[in-house]
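Here are some exercises to work through with the viewer open. Try each task before you read its solution.

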Amino acid sequence: MTLEQLQLPEQIHVAMIAHAEFCLPEEACGLMAFDDADALQMVYATTNLDRSKVRFTVAPEEHFGAIRHAESRGWRIAGSFHSHPESAAFPSARDIAGALDPEWLHVVVGLANGMPEVRGFRIRDNGVSEVSLVEIP
Ligand SMILES: [Zn+2]
């Protein structure tokens, strides 16, 4: 997946913010499924095993469940989203160090200043590049 821009369906945008707010004061996390055309089809809200304000680990059984669900529809898991309860919507040093797949989309929901901000990134060789998220109906 090499898109510089991603169409973000409004209901997925809203769902990620809702999950982020629901999990406060801890970080929320989830996984993102894409179809063959790299269109975002679904996000899965998952449990943050770390129960932390500054890091997340997707619960493995939920990760496997999302893979099974996505594959049953011909999609693939190729991204994650997580929240920053007290910081900006930008990957932290921990996020950058932990990014394993250069094709993966990393969406961060920043909740620091009362106005949720949702931004997308790709992380390659410890470098961060923004994927602009364009909301669609
Ligand atoms: Zn983070």
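What follows is a set of tasks, each with a worked solution.

A note on ground rules: this is a predicted model, in which local features need pLDDT of at least 70 and side-chain atom pairs count only at pLDDT 80 or more, while totals for chains, interfaces and linings use all residues. Residues are numbered from 1 along each chain as its sequence is written, and side-chain values use heavy atoms, with hydrogens and water left out.

**Exercise 1. The metal site**

Work out which residues coordinate the zinc ion and what kind of site they make.

Step 1: Look for donors, meaning N, O and S atoms within 2.8 Å of the metal (3.2 Å for Na, K and Ca); water is not among the atoms, so sites may look incomplete. You should find NE2 of His82, NE2 of His84 and two OD entries from Asp95, at 1.9 to 2.7 Å from the zinc ion.

Step 2: Check the angles. The 4 donor atoms give 54 to 159 degrees, and the site is irregular. For four donors, tetrahedral asks for all angles between 85 and 135 degrees; four count as square planar and six as octahedral if opposite donors are over 155 degrees apart and all others between 65 and 115; anything else is irregular.

Step 3: Read the spacing along the chain, which is H-x1-H-x10-D for the donors of the zinc ion. His82 sits in strand S4 (residues 76-84) and Asp95 in helix H3 (residues 93-98), so this pair ties together parts 13 residues apart in sequence. Helices (H or I, at least four residues) and strands (E, at least two) are DSSP runs, numbered from the N terminus.

Step 4: Add accessibility. Both His82 and Asp95 are buried; buried means under 20% relative accessible area, exposed over 50%, and partly exposed in between (1.4 Å probe, protein chains only).

**Exercise 2. The aromatic pair**

Find the 1 aromatic pair in the structure and classify its geometry.

Step 1: Rings of Phe, Tyr and Trp (its six-membered ring) pair if their centres lie within 6.5 Å; planes under 30 degrees apart count as stacked, over 60 as edge-to-face and the rest as tilted. The structure holds 1 such pair. For Phe90 and Phe121, the ring centres are 5.1 Å apart and the planes make 75 degrees, so you can call the pair edge-to-face.

Step 2: Place the partners. Phe90 belongs to the loop between S4 and H3 and Phe121 to strand S6 (residues 117-124), so the pair links distant parts of the chain, 31 residues apart.

Step 3: Compare their surroundings. Phe90 is partly exposed at 39% relative accessibility, whereas Phe121 is buried at 1%.

**Exercise 3. Two more histidines**

Describe where His13 and His106 sit and what they touch.

Step 1: His13 is in helix H1 (residues 10-22). Contact means heavy atoms within 4.5 Å; setting aside neighbours within four places in sequence, His13 touches Leu8, Val118 and Glu135.

Step 2: Look at the side chains of His13 and Glu135, which share a polar contact of 2.3 Å. That term covers a pair of N or O atoms within 3.5 Å; within protein, one must be able to donate a hydrogen and the other to accept it, and residues adjacent in sequence count only if both atoms are side-chain atoms.

Step 3: Move to strand S5 (residues 105-110), where you'll find His106. His106 is buried, at 11% relative accessible area. Beyond four places in sequence, its contacts include Ser80, Asp101 and Phe121.

**Exercise 4. The cysteines**

How many disulfides does the structure hold?

Step 1: Apply the cut-off, a pair of cysteine sulfur atoms within 2.5 Å. The count comes out at 0.

Step 2: See why Cys23 fails: its closest cysteine sulfur, in Cys29, is 7.3 Å away, too far for a bond. Cys29 is buried, at 0% relative accessibility.

**Exercise 5. Backbone oddities**

Track down the cis peptide bond at Pro25 and the positive phi values of Arg51 and Asp125.

Step 1: The cis bond joins Leu24 and Pro25, with omega about 5 degrees. Pro25 is in the loop between H1 and strand S2 (29-34).

Step 2: Arg51 is not a glycine, yet its phi is positive, about 45 degrees. Arg51 lies in the loop between strand S3 (40-46) and helix H2 (60-72), and is exposed at 58%.

Step 3: Asp125 has a positive phi near 50 degrees. Asp125 is in the loop between S6 and strand S7 (127-136), exposed at 79% relative accessibility.
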